[in-house]
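Please open the model in a viewer and keep the sequence at hand. The tour below proceeds by selection, with a short account of what each selection shows.

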Amino acid sequence: MIRGNDGKDGATGKDGVAGKDGVGIKTTVITYAISTSGTTAPTTGWTSSVPSLVKGQYLWTKTVWTYTDSSSETGYSVSYISKDGNNGHDGIAGKDGTGIKKTTITYAVGTSGTTAPASGWNSQVPNVPAGQYLWTKTVWDYTDKTSETGYSVSKFGEKGDKGDQGIQGIQGVDGRQGIPGPKGADGKTQYTHIAYANSSDGNKDFSTYDSNRTYIGMYVDFNVNDSTTPSDYSWTLVKGADGTQGTPGKPGTDGKTPYFHTAWSNSADGTDGFTTVYPNLNLLEGSNSNDKSWLLGGNGTYTTQSVPFNSGYKYNFTYTRASTDWAVYMFSGLQKDKFKPDTDYVLSFMANVSTDIKPGILFANALGQHNFVNRLNSPTILSSKGDQKVVIKLRTSSSIPSESDQQLYINGLL
């Protein structure tokens, strides 16, 4: 017989279809029951404890294995309980029957699905990593001191892909309207009042409109009108003594030093009375419409009226005269203690005249006597301009007369 050479190995076959995930034992439940039949399991009377044995009947053992896929299996074993023979001659003693004395169930984790673990068995079901196996070992100890051991195994599957987003739940019902709260008290409008003075108690040079003071006072109430009582205000020093020169700051990155410039005007656009010098005290501030110290003298037609201006009053003079008429407007309420030597002041008022005039100014105890004010400008009131603001700049002499009552005279003499 002639034998040819072996052929070459064939190509490696493809992997078979992946098997289904293994099924593990989740629980094992053992119960016992007594029955008169050794072939048909009882339908009732099962208990977790071995019942009292009855001779001549059967002890049934039922084991229920519940798997991780929620399926289950049931197994039965049966043993006969011998009964006493009839009275008579003693027969040959029969062998003792064999029954289950104890059932022991333990669990272990293994990496093999065919070889049971040699160690790690525990009565509690352990945590099993994905891809490994849960082994269940059942040991039956019989009454004849023999035993049997059975195994079951299940594989824990790998983690699957993330499932699709579930359907959004139905919008819940809106909550009910809450119980209305109690009605609140009627609201009141608060007002903040501010005043100015030259003393910490507010009594010296008190004013609610002239901020050129060293102290500021404030209080809050529900009355829209400002109080004229200094004690109603809380006073704070806002203008202290000049401090020492501070350390010069570092130059900017471009090497230029910024400068802050200020100017004042009688109008929002800066065209009326523009000046870079802070305005001096207006001697006509604070004279209200009820003041009886204003006197008008002369001939011709002369009228006066007071108008509000920045919470104070400035006087508006309306003056009509013939070329031969004359007029003097006198205010006798200025006291000597209001003047300081070598100090600049202004007289600011509104005027409307029918003939151009250049008003004259005197401060004296009688016309032409002891005048102690030098006029720094001579404005002309023009009839063509209608209502116009007149600002006369004054400077007191270095010596002020000793008379206690000094009067202001404004005349229209050219």
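Which residue is the bridge partner of Ala 195 in β8? Select Ala 195 together with Gly 217, for Gly 217 is that partner. Please note before going further that this is a predicted model.

**The sheet around β8**

Extend the selection to residues 215–221, which form strand β8, and to its neighbour β7; 7 bridges join these two strands, and they run antiparallel. Adding β9 completes an open sheet of 3 strands, in the order β7-β8-β9 and with antiparallel pairing. The strands at its edges are β7 (191–197) and β9 (234–237), each of which pairs on one side only. From one strand to the next, the twist averages 25°. As general background, strands of a sheet pair through backbone hydrogen bonds, in either a parallel or an antiparallel manner.

Next, select Asp 205, located in the loop between β7 and β8. Although Asp 205 is not a glycine, its phi is positive, at about 55°. Most residues other than glycine have a negative phi. Is Asp 205 buried, partly exposed or exposed? Asp 205 counts as partly exposed because its relative accessibility is 38%, and the partly exposed class lies between 20% and 50%.

**The sheet of β1, β2 and β3**

Move now to the strands β1, β2 and β3, which form an open sheet in the order β1-β2-β3, with antiparallel pairing. β1 (25–35) and β3 are the edge strands; each has a single partner strand, so one side of each is left without a neighbour in the sheet. The twist here averages 15° from one strand to the next. Between β2 and β3, which run antiparallel, there are 9 bridges. To view one facing pair, select Trp 60 and Val 78: Trp 60 stands opposite Val 78, a residue in β3.

The loop between β2 (58–67) and β3 (72–80) contains Ser 70. Ser 70 is not a glycine, yet it has a positive phi of about 75°. Its relative accessibility is 66%, and Ser 70 therefore counts as exposed.

**The nonpolar cores**

Which residues make up the largest nonpolar core? Select Leu 347, Ala 351, Val 353, Ile 357, Ile 361, Phe 372, Val 373, Ile 381, Val 390, Ile 392, Leu 394 and Ile 400, 12 residues in all. The elements that give two or more residues to this core are β14 (344–353) and β17 (388–396). Another core, of 8 residues, lies apart from it; Tyr 32, Leu 59, Ile 81 and Ile 105 are among its members.

**The whole chain and its confidence**

Finally, select the entire protein chain, which has 0 helices and 18 strands. Buried residues account for 27% of its 414 residues. The accessible surface comes to about 29,300 Å², and carbon and sulfur atoms contribute 49% of it. Of the contacts between residues at least 6 apart in sequence, 56% join residues at least 24 apart.

Colour the chain by pLDDT: the average is 75, and 65% of the residues score at least 70. Then select residues 305–319, where pLDDT stays under 50 and the model has 56 contacts beyond four places in sequence. The stretch 321–325 also has a pLDDT below 50, with 8 contacts in the model beyond near neighbours in sequence. Where pLDDT is low, the predicted coordinates should not be read in detail.

Key
Residues are numbered from 1 along each chain as its sequence is written. This is a predicted model: local features need pLDDT of at least 70, side-chain atom pairs count only at pLDDT 80 or more; totals for chains, interfaces and linings use all residues. Side-chain values use heavy atoms; hydrogens and water are left out. Helices (H or I, at least four residues) and strands (E, at least two) are DSSP runs, numbered from the N terminus. Buried means under 20% relative accessible area, exposed over 50%, partly exposed in between (1.4 Å probe, protein chains only). Contact means heavy atoms within 4.5 Å. Accessible areas come from the Shrake-Rupley method with a 1.4 Å probe; for residues, only the protein chains shown count as cover. Two strands pair if DSSP finds at least two bridges between them. Axes are lines fitted to C-alpha atoms, for helices over the stretch in contact, and angles run from 0 to 180 degrees between N-to-C directions. pLDDT is the predictor's confidence in each residue, from 0 to 100. A nonpolar core is a set of buried Ala, Val, Leu, Ile, Met, Phe, Trp, Tyr and Cys residues joined through side-chain atoms within 4.5 Å.
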